[in-house]
Amino acid sequence: MSRITSYFGLEKAKPEVIRLSKIYTTLSLVMQIAFVISTTFYLIFVAEALGNNDFIVGMTYVGILVIVEMVVQTLFDYPTGVIGDWLGQRFILATAYITYAIAFYLVSLVTTTTPFLLLILIYGLMGFAGSQQSGALGSWFDNNWQVAMKEDEGRKEYGVFIGKLDMLGWLTNTLILIPGGILATIFGRPWVFQLQAVMCVMIAFASIRFIHNLPEADEISQKKPTFDEYKSLLREGLQYLFSTPFVKYLLLGSMLVNSCISVWSNLILFPMYYS
């Protein structure tokens, strides 16, 4: 344990902070494994089903599905964030991963005869689940860190911890690609999607079981913003995105980087499958 706390820069942290960090780290890594394990063949699987085993034809329809997912997530991202503030992050995370579980199970049933409307439903569920899950775990950890680590001036220790966790997350994402491919080869792609569904259900129950606020954070969370305050925050946030060239270009750059990473991770094994 001392090596782990040393890696994350938490040698002098309080016991409750170490406990929070363990829960946050474990859930974050398990969530990433649950998604990334099928990354290299998920898009191929859907494209082949839509194109009657011709993924080039199917890719046209996949583009439409991705747009559906992004639109649904964008529309529900802020409303589900508000609901998460009112109900608590653990409940919104639980519903998010139950929704993911349903979506992954439905993906496992997809064949070349599957109606396109079912795939629209699947991608819509993915987008809705993403809107619920987006930022919920990080918000819970950040709120509790602030009350437990008031001595962390400038949030330097917080920055070190998040930076180290990001490094560990990218390493996990890379390493899990190989086991995912092996499992798909041995048991079939639908089996891996069903495994993802089971993992998402486990994450949902783990969220209910382990994500709890510290007493001080609970007191703060009792003060709920009004609906008008939420509208004001949304308006100010949108204005901030284009307030300065630095913020605008940082946003555009982040979108470009994340888009490239997403495309790379989904297409990396295309040459191996179709060489």
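**Figure 1. Just past helix H6.** Helices here are DSSP runs of at least four residues, numbered from the N terminus. With that in hand, look just after H6, where Gly 135 takes a positive phi of about 75°. Keep in mind that this is a predicted model. H6 itself runs for 18 residues and reaches 26 Å from its first C-alpha to its last, close to the 26 Å expected at 1.5 Å a residue. Plenty of H6 is buried, including Leu 119, Ile 122, Tyr 123, Gly 124 and Leu 125. Glycines turn up again in that buried set, with Gly 127 and Gly 130 among its members. As for partners, the buried residues of H6 pack against H3, H4, H5 and H7.

**Figure 2. The whole protein chain, for orientation.** Before zooming in further, here's the overall picture: 13 helices and 0 strands. Of the 275 residues, 41% count as buried. Take the contacts with a separation of 6 or more, and 79% of them come from residues 24 or more positions apart. On the outside, the protein chain exposes about 15,600 Å², with carbon and sulfur atoms supplying 69% of that.

**Figure 3. Inside the largest nonpolar core.** This core has 68 residues, and those with the most contacts inside it are Tyr 42, Val 46, Tyr 97 and Phe 141. Helices H2, H3, H4, H5, H6, H7, H8 and H9 each chip in at least two residues. The largest share, 11 residues, comes from H5. Zoom in on Val 46: setting aside its neighbours within four places in sequence, it touches Val 62, Leu 65, Leu 119 and Tyr 123. Two of those partners, Leu 119 and Tyr 123, are buried residues of H6.

**Figure 4. A buried salt bridge between H9 and H3.** The count of salt bridges comes to 1, and here it is: Arg 189 pairs with Glu 48, with the closest N and O atoms 3.2 Å apart. The pair links distant parts of the chain, since Arg 189 sits in H9 and Glu 48 in H3, 141 residues apart. Are the two partners buried or exposed? Both Arg 189 and Glu 48 are buried.

**Figure 5. Along helix H9.** H9 covers residues 189-210, so to speak a run of 22 residues that reaches 31 Å from first C-alpha to last, close to the 32 Å expected. Its buried residues include Arg 189, Val 192, Phe 193, Gln 196, Ala 197 and Cys 200. The list carries on toward the end of the helix with Ile 203, Ala 204 and Ser 207, among others. That spacing is worth a glance, because an α-helix has 3.6 residues a turn, so residues three or four places apart point the same way.

**Figure 6. A nonpolar patch on the surface.** Ile 178, Ile 182, Ile 186, Phe 187 and Trp 191 come together here, with about 530 Å² of accessible area between them. Helix H8 (residues 156-187) gives the most to the patch, with 4 residues. One of the patch residues, Ile 186, lies in H8 and counts as exposed because its relative accessibility is 58%, over the 50% cut-off.

**Figure 7. Pro 15 and a partner far along the sequence.** Pro 15 belongs to helix H2 (residues 15-36). Its relative accessible area is 63%, so Pro 15 is exposed. Pro 15 and Ala 148 are 133 residues apart in sequence, yet their C-alpha atoms are 9.8 Å apart in space.

Technical notes: Residues numbered from 1 in each chain as written. Predicted model: local features only at pLDDT ≥ 70, side-chain atom pairs only at ≥ 80, totals over all residues. Heavy atoms only, no water. Buried < 20%, exposed > 50% of the residue type's maximum accessible area, 1.4 Å probe, protein only. Patch = residues over 30% accessible without salt bridge, like charges linked within 9 Å, V, L, I, M, F, W, Y side chains within 5 Å. Areas by Shrake-Rupley, 256 points an atom, 1.4 Å probe, with all protein chains shown as cover. Salt bridge = Lys/Arg side-chain N within 4 Å of Asp/Glu carboxyl O. Expected span 1.5 Å × (residues − 1). Core = buried A, V, L, I, M, F, W, Y, C linked by side-chain atoms within 4.5 Å. Contact = heavy atoms within 4.5 Å.
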